[in-house]
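Student: I should like to take a close look at one part of this model and to follow the path from there. Please begin once the sequence and structure are in view.

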Amino acid sequence: MDFGFTKEQLMFKQEVLRFAKKEIVPRVQEHDLASAFDFAAFRKMGEFGLLGLHLPETYGGQGADVVTTVLAGEALGEAGVDGGLTLAYGAHSFLCADTLFRHGTEDQRRRYLPRLCTGEWIGCMGLSEPDAGSDVAAMSTEAVRHGDRYILNGTKMWITNGPIADVAVVYAKTDPGQKHAGISAFVVEKGTPGFSAGPPLIKMGVRTSKTSELIFKDCAIPAANLLGREGEGFLYAMQTVEWDRSALLAPFLGSITYLLKRCAEYAKGRVQFGRPIGHFQAIKHKLADIRIFGEAARALVYRIAWCKDQGRPLNHLEASVAKLFIGDWSLAVTNDAVTLHGGVGFTHEFDVERIFRDTRLAPIGGGTSEIQKMIISKLM
Amino acid sequence: MNFDFSETLKQWFAALVEAGKDLAGLLELEEADEKAAASGLRQGLARLAALGYLRVQTRQTDGDKNGVLALMGAMEQMAGCCPSLFLATEYSTRVFGRAVSAWGSAAQRTRWLDPLAEGVLVGAVALSEGAMNVENEPLATRGQRRGDKITIEGRKQSVVNAPAADVIAVAGSLEGEPALFLVPRAAAGLTVSPRRVTMGYAGVLIADLTLEACALAPDAVIAVPDMARMLDGLRFWENQVLVAAALGQMRMALDAARDHAKTHRSGGRPIIAYQEVGFKLAEMLTLHQTAQWLAYRAAWAAEAAPKEAQSLTLCAKIFATEAAERVCGSALQILSSTGYLKGHPAEVAYRAAKYGQIAGTSTEIARVRLGDEAMGWR
Ligand SMILES: Cc1cc2nc3c(=O)[nH]c(=O)nc-3n(C[C@H](O)[C@H](O)[C@H](O)COP(=O)(O)OP(=O)(O)OC[C@H]3O[C@@H](n4cnc5c(N)ncnc54)[C@H](O)[C@@H]3O)c2cc1C
Ligand SMILES: Cc1cc2nc3c(=O)[nH]c(=O)nc-3n(C[C@H](O)[C@H](O)[C@H](O)COP(=O)(O)OP(=O)(O)OC[C@H]3O[C@@H](n4cnc5c(N)ncnc54)[C@H](O)[C@@H]3O)c2cc1C
């Protein structure tokens with residue numbers, strides 16, 4: 001057993017940290033206040049190589065291993081990049097691009113991946129529906145085969161990048177009589193007649209990511225837009241869970257490190273009762289808890305990444321443990337960080353309130369904490 | 001990076017579990033009186049010595065088994081089988097033993113560590129005093145040179161193994177310099193109080209010490225480079241033991257609760273089928289696994305990243321010991337009347353769990369330290 005990283009991995013993490021601090025972080029608060037997606041930052045992430053970091057170079061990626069990819073995500077959070085942009089990056093790179101890479105034909109890969117890797121195109125993934133969230137297999141969006149086309153009807157809900165995406169990986173029932181085994185995956189491009197996105201939802205947190213419905217009304221797509229095989233869609237969606245529990249959780253790890261630094265700086269500078277509040281044990285207690293949470297979460301995420309690099313099948317129990325722990329425990333420490341800042345913690349002047357709001361998604365998105373408990377109690 | 005223990009270590013862990021379970025059944029330490037507890041400890045040590053367990057970190061064994069990470073894995077196994085035997089063994093082997101190993105002379109190491117590794121010697125460490133927490137007060141125990149002898153005066157409280165130990169390392173100072181006095185159990189001037197009855201670890205022999213003109217030969221003194229290092233070192237090793245103890249307690253309680261929830265039926269279904277029970281188990285397992293990985297990472301850091309090791313170990317100690325109390329409490333809830341019976345593994349683990357937060361670096365002091373470190377004040 002060895003928890004060390006290679007020199008190259010650590011150097012790359014530092015590069016990402018420097019890049020993010022210079023190119024993204026200075027505009028984060030402004031974009032959050034405006035609930036605006038930072039297109040320029042996203043393109044810069046593409047130029048830097050982050051958007052296709054784990055994809056093969058043939059398709060415009062960097063061919064990085066999973067642990068390196070996780071460290072890059074951690075560096076984004078550690079630099080102070082907001083949860084909205086990292087979520088947009090996650091949905092784009094892992095839920096959309098990775099599925100296209102794994103299950104797309106050579107033509108599909110060549111058409112989409114190079115553009116997704118540079119950020120010229122933005123990708124999204126539509127699985128959830130208004131009446132099928134935790135119980136996704138109850139989805140009602142249908143894809144009916146007519147000759148060399150599929151006709152899609154239905155509505156997807158909560159789709160990250162939905163309003164700004166150029167290409168969507170969409171899950172729909174090709175056999176409505178079945179639950180999981182009736183689901184297939186498709187790729188749908190923006191501008192396809194019958195396909196539209198709803199208006200962006202106004203959200204509590206992750207505001208710089210744009211979220212909306214995807215609406216399909218007699219939307220005809222070529223049969224060649226089927227990804228992989230009919231009936232295997234649920235399987236493909238579940239394969240993204242590995243990314244969900246590693247690369248998508250990684251920015252949370254980083255943002256806890258960032259949060260600890262912010263809180264420590266504030267505690268040293270803010271004077272009450274004639275001394276910096278950091279002298280009070282109750283403040284130290286909060287700092288300690290932030291540190292402990294960050295350290296405890298770390299190995300859970302690295303482990304999933306390392307196992308994926310070893311080619312091991314995902315251990316669903318361990319994946320749910322990571323998601324459940326980070327989802328539930330992150331709330332207490334981000335909440336404490338706001339309290340530690342007192343009144344200013346409640347204002348937009350300091351970014352701890354944004355981190356608190358962004359983190360509130362952790363026990364909901366990608367499978368709620370209750371669903372993780374359901375999985376764990378079934379598998380244990 | 002590698003998240004697996006080697007095959008050799010896994011086999012060794014399996015052998016330890018087998019021995020640990022045997023010993024738990026055989027010794028019944030949790031119910032033992034003073035005499036039975038003392039002889040049970042000796043029997044346990046003999047069996048563990050044969051497995052090489054007592055050599056780790058004190059007397060070199062083969063490389064694979066000697067690391068702190070391997071030790072954490074091994075201690076976790078033992079702690080989950082037989083809590084009292086585990087604690088008594090570790091204060092002797094890993095706290096007393098490592099102190100002698102780190103700071104003792106070559107002659108002292110040979111004299112004390114060889115029999116310790118063979119399981120024929122029991123050690124103890126006496127650190128805490130009246131206002132026991134050494135964070136707040138300097139140690140009052142003092143030695144003085146008198147001719148060719150050294151005499152010690154002092155009082156120590158709650159010393160694990162004191163009634164059964166062959167030798168007790170008493171922390172104090174010798175004419176202003178930090179020192180560990182190796183006091184044989186039979187030394188004149190040493191009085192050991194009657195056994196203290198504690199809430200948990202009922203099979204561990206704990207007592208207070210009084211040292212009055214207790215005379216020692218000069219070679220019974222370990223001169224320690226500085227007081228802060230000595231205290232940090234002793235606490236660090238103790239903290240590692242307590243982290244492993246917490247992991248063991250959680251495993252005992254979780255296994256018992258899970259097995260019960262799968263087999264005990266209520267309303268026509270196994271109780272795990274009720275979310276109130278199943279979800280509780282999921283939370284327990286999550287705490288256990290998270291604590292486990294944090295403990296392994298802290299143990300790894302002890303060798304690979306020493307700068308981080310102290311604070312990572314404090315993180316692991318706070319998290320694991322608090323998690324243990326929660327997990328054991330939830331286990332008792334799930335086990336209901338079954339678990340509430342005296343001697344049930346979950347009940348034994350629950351009573352032991354609180355100790356981990358009090359002893360070593362207490363949870364409060366550990367948090368203060370971590371807070372100071374975050375602000376660059378340590
Ligand atoms: C900002 C944001 C971005 C998102 N991005 C995407 C995306 O890009 N693509 C995508 O497909 N989806 C996305 N989602 C959807 C997300 O995955 C779902 O919100 C999530 O799975 C929960 O589904 P739901 O909202 O319908 O809640 P519901 O399933 O309605 O759950 C409501 C509550 O009931 C609980 N619950 C449900 N079933 C059970 C049960 N059996 N036992 C106990 N409790 C239960 C849940 O835990 C929850 O607390 C996003 C969501 C948000 C908020
Ligand atoms: C079963 C058992 C076995 C033991 N075995 C040994 C042994 O083998 N050898 C040995 O040397 N000792 C041993 N001890 C002693 C143990 O190390 C002490 O109990 C421990 O250090 C705490 O000291 P205390 O009990 O005096 O509590 P106190 O120090 O009085 O603390 C009381 C409370 O105040 C808090 N507190 C104290 N100071 C501060 C501060 N500065 N800031 C914030 N909070 C603070 C503490 O965290 C605690 O919650 C044992 C104790 C027990 C119960």
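Student: Where in chain B is the place of B:Tyr201?

Tutor: B:Tyr201 lies in the loop that runs between strand E6 (190-192) and strand E7 of chain B. This is a predicted model, in which local features need pLDDT of at least 70 and side-chain atom pairs pLDDT 80 or more, while totals for chains, interfaces and linings use all residues. Residues are numbered from 1 along each chain as written, chains are lettered from A and ligands numbered from 1 in written order, and side-chain values use heavy atoms, without hydrogens or water. Helices (H or I, at least four residues) and strands (E, at least two) are DSSP runs, numbered from the N terminus.

The backbone of B:Tyr201 deserves attention: its phi is positive, near 50°, although the residue is not a glycine. Most residues other than glycine have a negative phi. B:Tyr201 is also buried, because its relative accessibility is 5%, and buried means under 20% relative accessible area, exposed over 50% and partly exposed in between (1.4 Å probe, protein chains only).

A useful counterpart in chain B is B:Glu28, another residue other than glycine with a positive phi, here near 45°. B:Glu28 sits in the loop that joins helix H1 (7-27) to helix H2 (34-50) of chain B. With a relative accessible area of 53%, B:Glu28 is exposed.

Let us now move from the loop into strand E7 itself. This strand covers residues 206-216 of chain B, and B:Asp208 belongs to it. B:Asp208 counts as buried because its relative accessibility is 18%. Apart from neighbours within four places in sequence, the residues in contact with B:Asp208 (heavy atoms within 4.5 Å) are B:Lys156, B:Gln157, B:Ser158, B:Thr191, B:Val192, B:Ser193 and B:Arg196. Two of these partners recur at the level of single atoms. The side chains of B:Asp208 and B:Arg196 form a polar contact at 3.2 Å; the term denotes a pair of N or O atoms within 3.5 Å, where within protein one atom must be able to donate a hydrogen and the other to accept it, and sequence-adjacent residues count only through two side-chain atoms. In addition, a polar side-chain atom of B:Asp208 lies 2.8 Å from the backbone nitrogen of B:Ser158.

Another residue of chain B leads across to chain A. B:Trp377 is placed in the segment after helix H11 (363-374) of chain B. B:Trp377 is partly exposed, its relative accessible area being 33%. Leaving aside neighbours within four places in sequence, B:Trp377 is in contact with B:Asp372 and also with A:Lys268, A:Gly278 and A:His279 of chain A.

The two chains come together again at ligand 1. Residues of both A and B surround this ligand, so the site is shared between chains. There are 16 surrounding residues (each with a heavy atom within 4 Å), and the closest are A:Ser128, A:Ser134, A:Trp158, A:Thr368 and A:Glu370. Several polar atoms can be located in this shell. A side-chain N or O atom of A:Ser128 is 2.7 Å from a nitrogen atom of the ligand. For A:Ser134, a side-chain N or O atom is 2.6 Å from an oxygen atom of ligand 1. A:Thr160 has a polar side-chain atom 2.8 Å from a nitrogen atom of the ligand. Strand E3 (149-160) and helix H14 (369-379) of chain A are the elements that give two or more residues to this shell. The largest share, three residues, comes from E3 of chain A.

Helix H14 of chain A also holds A:Ser369. This serine counts as buried because its relative accessibility is 4%. Beyond neighbours within four places in sequence, A:Ser369 is in contact with A:Leu324, A:Asp328 and A:Pro363. With A:Asp328 there is a polar contact between the two side chains, at 2.6 Å. By contrast, the C-alpha atoms of A:Ser369 and A:Tyr266 are separated by 32 Å, the two residues being 103 residues apart along the chain.

In summary, the path began at B:Tyr201, in the loop between E6 and E7 of chain B, passed B:Asp208 in E7, and ended at A:Ser369 in H14 of chain A.
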